[in-house]
Amino acid sequence: MHTGEIIRFYREKAGLTQSRLGEGICTTTHVSKIERGKTAYSDEIISLFSERLGIDIHHEIETFQHLEKQLDLWHNSIIMRRMNLVEKIKAQLEKSAFLESSKYGTHFHLLMARYYILHQKTEAACAILDSINPLNLPAFESNLFHHVQGIIYINRNSDENQQKAINVLQKIDMNDYHNHECYYHLSIAYQCVGNKVMAYFYAEKALGYFKETNNYLGSIKAESVMLLQLSGENHLTERYRNLIEDCDSLGFLEQKGMLLNNLGYEYYNRGDFSRASRSFKEALKLAEKGSLTYLRRLCNFTDACMEGKLCTDKELEKHIHLGLQLSKRLKSSLFLKLFELFSLKKNQCRDEYVSYLEREALPYFIETRNLLLIERYGKVLYDYYVEREQLNNAILLTRQLETSR
């Protein structure tokens, strides 16, 4: 912002016309040209303007010159999740009277969207994006817009949205953006759509960036994604344990919970339900009670306990009841259907179980393109049809499952 733009901002804020500001100092035309940066001016005129407006022009100019650096530092703090610094810089930026009306206004608003995402306020972030016209944005802001949009799609947690995230994130021009954190978000999106090769590729690129910038949390997260693509390989559990120990030593409890949950999946896929249930239980303890994360880990823990016959009917009933309650409270159709399936399976209501799977659960998994659940429960239903010699149903189901992939 030029000196003239600062003068204009405070003149309008004070409710003065150009004529009133220039009265006894210079002509209205000269005021207009100064504000638009179209003419030279003396320090004396600017001092007189500043006095009339009640501002320290030199302080205002210095403040503006630091805005870009502050915004970059705020962005970096959000990436690094240095929460104290994030809040401190936000408070400083919000004290700037002319930030939002300056050339940095869009940059600030997009970082506010990232700030809201950091605090799991997705709707507030969406409202900011909706208020911005993405056409004709400067290069950096255009890339930042795509990055924020991609993160929002990822957080919406469906295969359709993950593909949208990939499409949006691929638009980012790294020559203008230089924030390689977006490689991590690309890896997450590719992982969610089941593309292990691309997920590993981008996670590895993100890991290099995080190591280069000493982002220890980012490094752990990127390596976690890489491990998910290597499921079943030797020494994988040891690598998980090493990362979990790193989280312990660095105080990254949220990430520790995620790693324990992922380790539980690894054990579960190997058929080691005892170790899987222990990992899921540890992860569950680190989740906020009543949250969607807690519900997801409760579902995993309950599933492992059922498959391994690791708890009494009374304990299992307690877990399922809690899962159904939370699913309704959080309005989660996915987990409501999974816990309904658990309940029917526990009570050995096989015909009702299959009927619910046919009518409610599997159609929902297909509609939301949840490939893992489609594969798992599609096989359950297929085996049932074959066992009952319902071959036409088995053929129709096979075609349906192939179409959904």
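1. Contacts of F49. In this predicted model, and leaving out residues up to four places away in sequence, F49 touches I7, L21, G22, I25, C26, V31 and I34. F49 also belongs to the largest nonpolar core, which has 71 residues, and together with W74 and L93 it touches the most other members of that core. The largest share of this core is supplied by helix α8, which contributes 8 residues. As background, nonpolar side chains in soluble globular proteins tend to be buried together.

2. A separate core. Apart from the core that holds F49 lies another one, made up of 55 residues, and its members include I244, C247, F280 and C305. One of these, C305, is also listed among the buried residues of helix α19, a helix taken up again in point 6.

3. The aromatic pair of W74 and Y115. Across the whole structure, a search finds 16 aromatic pairs. In one of them, the ring centres of W74 and Y115 lie 6.1 Å apart while their planes meet at 35 degrees, so this pair is classed as tilted. Because W74 is in helix α6 (residues 67-80) and Y115 is in helix α8 (residues 105-118), the pair ties together parts of the chain that are 41 residues apart in sequence. Both of these residues are buried, and ring pairs join W74, F108, Y115 and Y116 into a cluster. A reader inspecting this region may therefore wish to know which terms describe such a pair: the distance of the centres and the angle of the planes.

4. Helix α6 and the residue after it. Helix α6, which carries W74, has 14 residues and reaches 20 Å from its first C-alpha to its last, close to the 20 Å expected at 1.5 Å a residue. Its buried residues are L67, Q70, L71, W74, H75, S77, I78, I79 and M80, a list that holds polar side chains such as Q70 and H75 as well as W74. The helix is followed by R81, which lies in the loop between α6 and α7 (83-94). The phi of R81 is near 60 degrees, a positive value in a residue other than glycine, and R81 is partly exposed, with a relative accessible area of 34%.

5. E181 and its surroundings. Is E181, which is placed in helix α13 (residues 181-192), buried or exposed? At 5% relative accessibility it counts as buried, and its side chain is joined to that of R114 by a polar contact of 2.7 Å. Leaving aside neighbours within four places in sequence, E181 is in contact with I79, R114, H147, Y209 and F210. Of these partners, I79 appears among the buried residues of α6, and the position of R114 falls within the range given for helix α8, residues 105-118.

6. Helix α19. This helix (residues 292-308) has 17 residues and reaches 24 Å from its first C-alpha to its last, close to the 24 Å expected at 1.5 Å a residue. It is mostly covered, with 12 of its 17 residues buried, and those residues are Y294, L295, R297, L298, C299, N300, F301, T302, D303, A304, C305 and M306. The buried residues of α19 pack against α17 (253-269), α18 (273-285), α20 (313-329), α21 (333-346) and α23 (371-387). Just after the helix, K309 takes a positive phi of about 50 degrees.

7. K331 in its loop. In the loop between α20 and α21 lies K331, which has a positive phi of about 55 degrees although it is not a glycine. K331 is exposed, with a relative accessible area of 76%. The two helices that flank this loop, α20 and α21, are among those against which the buried residues of α19 pack.

8. Lysines over tyrosine rings. Where do the side chains of K205 and K337 lie with respect to aromatic rings? K205 lies over the face of Y183, at 4.8 Å from the ring centre, while the charged end of K337 sits over the ring of Y364, 4.9 Å from its centre.

9. H59 and E223. H59 lies in helix α5 (residues 57-65) and is partly exposed, with a relative accessible area of 45%. H59 and E223 are 164 residues apart in sequence, and their C-alpha atoms are 46 Å apart in space.

Notes
Residues are numbered from 1 along each chain as its sequence is written. This is a predicted model: local features need pLDDT of at least 70, side-chain atom pairs count only at pLDDT 80 or more; totals for chains, interfaces and linings use all residues. Side-chain values use heavy atoms; hydrogens and water are left out. Rings of Phe, Tyr and Trp (its six-membered ring) pair if their centres lie within 6.5 Å; planes under 30 degrees apart count as stacked, over 60 as edge-to-face and the rest as tilted. Helices (H or I, at least four residues) and strands (E, at least two) are DSSP runs, numbered from the N terminus. Buried means under 20% relative accessible area, exposed over 50%, partly exposed in between (1.4 Å probe, protein chains only). A charge sits over a ring if NZ of Lys or CZ of Arg is within 6 Å of the ring centre and within 35 degrees of the ring normal. The expected span of a helix is 1.5 Å times one less than its number of residues. A nonpolar core is a set of buried Ala, Val, Leu, Ile, Met, Phe, Trp, Tyr and Cys residues joined through side-chain atoms within 4.5 Å. Contact means heavy atoms within 4.5 Å. A polar contact is a pair of N or O atoms within 3.5 Å; within protein, one must be able to donate a hydrogen and the other to accept it, and residues adjacent in sequence count only if both atoms are side-chain atoms.
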